[in-house]
Amino acid sequence: MNRPLQNSFHIQIARLYEFKFQEFITKLFMFRYGAENYTPPRDVKDKGADGIITKTKTVIACYGPEKIDKNRYIKKIEDDFKLYSDNWQSKYKNWMFVANNDIPEWAIKKINSLKKDSTPVGLKNLLQIVDELSSSQKREIGNYLNIGTELFAQDYLKEIIEDLIKKTPFTDENIEYKKQIYFPDKVSLNYKQDDIDGIFREYDIYFEDGVFNKIKDLLFGYEDEDINKLKVRILNDFNNKNGDFKSSLQQLTEKYLDKYSSENDDDYSYYVIAVLIYLFEQCLIGKKTKDES
């Protein structure tokens, strides 16, 4: 995750206390392990289990304090472990203690003294779990935590670009653009008259949102070979579509959405189209003006 998005997750998770934190862990772990491998607390009738990872036979204990008090922290660990050992250990060999904070060293020592192979999971671990989710899952967790959609922009764009590069074999074909063109001329050449006002409005929205600058900044961090692979991939995919430019662009958008996102993900679609329009503006796809030829 990019730093602002990671900071937002960090702040919001740390603010989840008691049952709110337990509810969050249930949602997060259902994504992480799948509904077939994770049993939420309502289905286990508690007795010290705030959830069970059935695949690994692991009982979860959650702790979401508003502030860290060493005595209360230690007592919570001891009480939860006793409930686990009395009610679950004979059937579930593993125990995981999950907290909404960076678990202090003294607390980790206490957890390990009760069970050497237990798993302490603190805030940094939870952020890593969030980062490993798919884009749609990460966004759903973000919605749950009331994190603004604008913070996901760079992550979406980076994932789209990296996926396209990763799935493109090395090529010695070189694609360059050398001259900045007048965008309205490019639009007029590729779109029907009835569509021109719409594409200008769409372009203005992306421009005002700063999306093109985000794409430019991301591409600046890649090697020339990777950028060339990205261009070759998109150009080849575009040339394999049928119909006029608008139809081909829509088909290409749907192709990438099928590969890299969940169905009807409007936010992901927004950024896929942004990448394609950016490359359209940079003279890669579509009919060329006289200045480009």
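This report walks through a predicted model of one protein chain, from its overall make-up to its sheet, a helix pair and a few loop residues.

Some ground rules come with the model: residues are numbered from 1 along each chain as its sequence is written, and side-chain values use heavy atoms, with hydrogens and water left out. Since this is a predicted model, local features need pLDDT of at least 70 and side-chain atom pairs count only at pLDDT 80 or more, while totals for chains, interfaces and linings use all residues.

**The overall picture**

The chain's secondary structure comes to 13 helices and five strands; these are DSSP runs numbered from the N terminus, with helices (H or I) of at least four residues and strands (E) of at least two. Of its 293 residues, 48% count as buried, where buried means under 20% relative accessible area, exposed means over 50%, and partly exposed is in between (1.4 Å probe, protein chains only). Take the contacts (heavy atoms within 4.5 Å) with a separation of 6 or more: residues 24 or more positions apart account for 67% of them.

**The sheet**

The five strands make an open sheet in the order β1-β2-β3-β4-β5, with mixed pairing. Its edge strands are β1 (38–39) and β5, each pairing on one side only. Two strands pair if DSSP finds at least two bridges between them.

Have a look at β3. On one side, β2 and β3 pair in the antiparallel sense over two bridges, and I52 has V59 in β3 as its bridge partner. With β4, β3 pairs in the parallel sense over six bridges, and here V59 stands opposite W95 in β4.

In a regular strand the side chains alternate between the two faces of the sheet. For β3, both faces are covered: T58, I60 and C62 are buried on one side, and V59, A61 and Y63 are buried on the other. Six of the six residues of β3 are buried, so the strand is largely enclosed by the rest of the structure.

**Helix α3 and its neighbours**

Helix α3 lies across β3 and β4 (94–99), running at about 150° to β4. The same helix, α3 (residues 70–87), packs with α4 (residues 105–114) at an angle of about 20°, their axes 10 Å apart. Axes here are lines fitted to C-alpha atoms, for helices over the stretch in contact, and angles run from 0 to 180 degrees between N-to-C directions. The two helices are therefore roughly parallel to each other (that label covers angles under 35 degrees).

Where do they touch? K70, Y73, I74, I77, E78 and F81 in α3 meet W106, A107, K110, I111 and L114 in α4. By class, this contact has eight nonpolar, no polar and three charged residues.

**Three loop residues**

Here are three residues that sit in loops.

| Residue | Loop | Relative accessibility |
|---|---|---|
| K57 | between β2 (52–53) and β3 (58–63) | 40%, partly exposed |
| K116 | between α4 and β5 (119–121) | 82%, exposed |
| N146 | between α6 (135–144) and α7 (153–166) | 69%, exposed |

K57 belongs to the turn of a hairpin formed by β2 and β3, with four residues between the strands. Its phi is near 55°, a positive value in a residue other than glycine. N146 isn't a glycine either, yet has a positive phi of about 60°. As for K116, its C-alpha atom is separated by 10.0 Å from that of W95, 21 residues apart along the chain.

Definitions and conventions
Angles under 35 degrees count as roughly parallel, over 145 as roughly antiparallel, 65 to 115 as roughly perpendicular and the rest as oblique. Ala, Val, Leu, Ile, Met, Phe, Trp, Tyr, Cys and Pro count as nonpolar, Asp, Glu, Lys and Arg as charged, and the others, Gly among them, as polar.
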